[in-house]
Amino acid sequence: MSRMIPNNQITLLQNGEAYFPAIEATLDRAAHEIYLESYIFKNDNTGRRITEALRRAAFRGVKTHVLIDGFGSNSLPKSMIDYLEAAGVMVLKFRPKISPWTLRRHRLRRLHRKILVVDQEIAFVGGINIIDDMDMPGQISPRYDYAVSVEGPLVEKIYDSAHRVWSRVAWTRLRPDWVQD
């Protein structure tokens, strides 16, 4: 059952051109904690830009959590994950093992969420992955995708969801020390 949660400020962000500067500025203002979830996180200009913003936050002492999908982000090099972790960013993969030979339905479960929550004050939700807008040969500019920034009481619900998924994945990856209450 869903219900309306009034008194929120919601801003539509079209494409990476609006989205990435907004999330980078928000990451640079973070003071306490960050939860980022993305199906695809690429080692391209956009991925490196967001990586640097996450590292800056972690270096400031912000508890920084990054959850990526094992299939959608399977091309993200281990060196980039190590680079994030060296700054204190906690990185987890959702369902990291990919087996095309396993015909079990549960292997199809993926983390398709694209969420960012910063300091329980602002959240971004939508369809935009951490990937350059123009990454396909012959692609006609721009790639159309949308997200919203959310400020207000709804952020608490988004935070609760991100925190719950992070906690479950951290426990399954034997990282209970990465779970905060």
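**Notebook: helix α1 and its surroundings**

I began with helix α1 and listed its buried residues (buried being under 20% relative accessible area, exposed over 50% and partly exposed in between, with a 1.4 Å probe and protein chains only), which are Asn-15, Gly-16, Tyr-19, Phe-20, Ile-23, Glu-24, Thr-26 and Leu-27. Seen down the axis of α1, these buried residues fall within an arc of 165 degrees, taken from the directions from the helix axis to the C-beta atoms, so they line one face of the helix. An α-helix has 3.6 residues a turn, so residues three or four places apart point the same way. On the other side of α1, I found Glu-17 and Arg-29 exposed.

I noted that this is a predicted model, in which local features need pLDDT of at least 70 and side-chain atom pairs count only at pLDDT 80 or more, while totals for chains, interfaces and linings use all residues. Residues are numbered from 1 along each chain as its sequence is written, and side-chain values use heavy atoms, with hydrogens and water left out.

Next I checked the length of α1: its 15 residues (15–29) should span 21 Å at 1.5 Å a residue, and the end C-alpha atoms are 22 Å apart, which agrees; the expected span is 1.5 Å times one less than the number of residues.

I then looked up what covers the buried residues of α1, with contact meaning heavy atoms within 4.5 Å, and the cover includes β1 (9–14), β2 (33–38), α2 (45–59), β5 (115–118), β6 (122–126) and β7 (146–151).

In helix α2 I looked at Arg-55, which is buried with a relative accessible area of 11%. Leaving aside neighbours within four places in sequence, Arg-55 is in contact with Tyr-83, Leu-84, Ala-86, Ala-87 and Val-89.

In strand β7 I turned to Tyr-146, which counts as partly exposed at 38% relative accessibility.

For the whole chain, I recorded four helices and seven strands, as DSSP runs numbered from the N terminus (helices H or I, at least four residues; strands E, at least two). Along the sequence they follow the pattern β-α-β-α-β-α-β-β-β-β-α. Buried residues make up 46% of the 181 residues, and among contacts with a separation of 6 or more, residues 24 or more positions apart account for 79%.
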